[in-house]
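Work through the exercises below with the coordinates open. Try each task before reading its solution.

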Amino acid sequence: MNARILICDDDPAVRGTLTRLLTHAGYTITAVGTGAQALAEVSQEHPDLILLDVGLPDMSGFEICQRLRRAPDGDRLRIAMITGLTDAEARIAGLECGADDFLNKPFEFPVLLARVRALLRIRQLTDMLESTENVIVALARTVEARDAYTDAHLWRIAEYSCAVMRALGASEQDVKDTWYGGLLHDIGKIGVSDAVLHKPGRLTPEESAQMEQHPDIGAGIVATMRFASRVGPLVRFHHERWDGHGYPLGLSGEQIPLGARVIAVADSWDAMTTDRPYRKALEPEVAVKRLQEGAGSQWDAQVVDMFVRLLRSGGLQSALESRWTEMGTGARIALHVA
């Protein structure tokens with residue numbers, strides 16, 4: 001399929017010139033004259049590239065660019081600002097609002113076409129990375145499927161962690177990163193043998209050492225993703241303890257990323273309230289007591305407090321509602337605690 005380009009410029013002559021040139025180059029073009037029309041087109045058609053005039057009659061191109069970047073998947077859009085301005089302040093403003101490039105009027109067609117092709121190549125690479133992430137998420141679910149005792153564990157951790165992060169006032173970007181971290185936190189177990197994963201009794205020192213490698217292995221796998229710098233530390237440090245006695249590095253307190261601290265509490269709760277090879281599930285009240293006893297030593301006390309509050313209010317149960325169809329009835333565990 002030909003790449004789809006949206007042109008937004010209030011000058012009919014500019015729209016016509018760009019449409020003719022880019023159609024001749026083999027692209028599918030939609031041209032509009034206002035910011036409102038551009039926003040509507042993006043929501044419906046999801047273009048591969050947007051050529052956006054800075055000076056529009058209803059809103060500035062900078063404002064439109066900011067709104068597009070804040071939208072779901074807005075970071076995947078390729079946006080080039082069309083401008084006759086040459087001053088540095090205008091370019092800085094464009095970069096700050098999220099523009100990828102600038103196209104100056106009047107256009108030099110060979111330069112214009114080269115810049116368009118470069119931006120579309122970036123879009124293709126982004127889509128390839130997105131596909132890679134989907135493969136790795138599928139791999140994480142494959143790892144989960146090795147253990148019949150952890151049915152839908154990854155989805156529960158992701159949803160619990162998101163609910164707690166939002167309740168703690170985290171940004172939506174941090175919430176999204178923590179969702180990925182929850183989903184991928186155990187992906188490193190692909191490097192742990194089944195004999196160790198499924199062992200019903202206490203692990204030997206050698207087996208424990210093998211198990212404790214999984215956060216580093218997982219962080220190495222996540223390193224191939226676009227969000228590696230943000231999600232990798234959550235995967236690597238979700239077994240660190242507030243008192244510094246965890247692994248792999250022995251981090252303590254706020255040295256541990258907040259998302260990793262939240263995932264640690266959610267992971268421990270889920271481990272306690274589901275059947276495992278080495279024991280039956282604990283009653284929710286007993287699991288809550290253990291979380292509270294470990295607050296300030298194993299876990300961040302603030303995170304434990306918020307987790308228990310959401311648990312008792314039904315907030316965690318609500319967080320699972322959207323995932324029940326995917327996860328099946330195995331996810332329906334008793335969450336309400338007196």
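Two strands pair if DSSP finds at least two bridges between them. The model used throughout is predicted.

**Exercise 1. Order the sheet**

Task: What is the strand order of the open sheet, and what is the sense of its pairing?

Solution.
Step 1. Take stock of the elements. The protein chain has 16 helices and five strands.
Step 2. Follow the pairing. The open sheet of five strands reads E2-E1-E3-E4-E5, and the pairing is parallel.
Step 3. Find the edges. Strand E2 (28-32) and strand E5 (101-104) each have a single partner strand, so one side of each has no neighbour in the sheet.
Step 4. Add the twist. Neighbouring strands are turned by 20° against each other on average, direction ignored.

**Exercise 2. Register the strands**

Task: Which residues are the bridge partners of Ile5 in E3 and of Leu52 in E4?

Solution.
Step 1. Start with E1 and E3. Four bridges join these parallel strands. Ile5 has Leu49 as its partner in E3.
Step 2. Move on to E3 and E4. They also run parallel, with four bridges. Leu52 is matched by Met81 in E4.
Step 3. Finish with E4 (residues 79-83) and E5. Four bridges link this parallel pair. Ala80 stands opposite Asp101 in E5.

**Exercise 3. Examine strand E3**

Task: Which residues of E3 are on each of its faces, and are they buried or exposed?

Solution.
Step 1. Recall the general pattern. In a regular strand, side chains alternate between the two faces of the sheet.
Step 2. Sort the residues. One side holds Leu49, Leu51 and Asp53, and the other holds Ile50 and Leu52.
Step 3. Apply the burial test. Five of the five residues of E3 are buried. Both faces are therefore covered, since buried means under 20% relative accessible area.
Step 4. Look for helices over the strand. Helix H1 (residues 12-24) lies across strand E1 (4-8), E2, strand E3 (49-53) and E4. H1 runs at about 175° to E2. Helix H3 (residues 61-70) lies across E3 and E4, at about 175° to E4.

**Exercise 4. Place Asp48**

Task: Where is Asp48, and which backbone nitrogen does its side chain reach?

Solution.
Step 1. Locate the residue. Asp48 belongs to the loop between helix H2 (35-45) and E3.
Step 2. Check exposure. Its relative accessible area is 14%, so Asp48 is buried.
Step 3. Find the polar partner. The Asp48 side chain reaches the backbone nitrogen of Arg4 at 2.8 Å.
Step 4. List contacts beyond four places in sequence. For Asp48 these are Asn2, Ala3, Arg4, Arg78, Leu120 and Arg123.

**Exercise 5. Test the cysteines**

Task: Why is there no bond between the sulfurs of Cys65 and Cys97?

Solution.
Step 1. Set the cut-off. A disulfide needs cysteine sulfur atoms within 2.5 Å.
Step 2. Apply the distance. The closest cysteine sulfur to that of Cys65 is in Cys97, at 3.7 Å, which is too far for a bond.
Step 3. Give the count. The chain has zero disulfides by this rule.
Step 4. Add burial. Cys65 is buried, at 0% relative accessibility. Cys8 is also buried, with a relative accessible area of 0%.

**Exercise 6. Contrast two sites**

Task: Is Lys289 buried or exposed? Is Leu251 buried or exposed?

Solution.
Step 1. Place Lys289. It is in helix H13 (residues 284-294).
Step 2. Classify Lys289. Its relative accessibility is 53%, so it counts as exposed.
Step 3. Gauge a separation. Lys289 and Val308 are 19 residues apart in sequence, with their C-alpha atoms 9.8 Å apart.
Step 4. Turn to Leu251. It sits in the loop between helix H11 (228-236) and helix H12 (258-272). At 16% relative accessibility, Leu251 counts as buried.
Step 5. List its contacts beyond four places in sequence. Leu251 touches Phe237, Glu240, Arg241, Gly244 and Ile256.

**Exercise 7. Check the confidence**

Task: Which helix has the lowest mean pLDDT among the elements, and which the highest?

Solution.
Step 1. Take the average. The chain averages a pLDDT of 85, and 87% of residues score at least 70.
Step 2. Name the extremes. Helix H16 (residues 324-327) has the lowest mean, 48, and helix H14 (residues 301-313) the highest, 97.
Step 3. Mark the weak stretch. Over residues 325-338, pLDDT stays under 50.

Methods:
Residues are numbered from 1 along each chain as its sequence is written. This is a predicted model: local features need pLDDT of at least 70, side-chain atom pairs count only at pLDDT 80 or more; totals for chains, interfaces and linings use all residues. Side-chain values use heavy atoms; hydrogens and water are left out. pLDDT is the predictor's confidence in each residue, from 0 to 100. Helices (H or I, at least four residues) and strands (E, at least two) are DSSP runs, numbered from the N terminus. Contact means heavy atoms within 4.5 Å. Buried means under 20% relative accessible area, exposed over 50%, partly exposed in between (1.4 Å probe, protein chains only). Axes are lines fitted to C-alpha atoms, for helices over the stretch in contact, and angles run from 0 to 180 degrees between N-to-C directions. A polar contact is a pair of N or O atoms within 3.5 Å; within protein, one must be able to donate a hydrogen and the other to accept it, and residues adjacent in sequence count only if both atoms are side-chain atoms.
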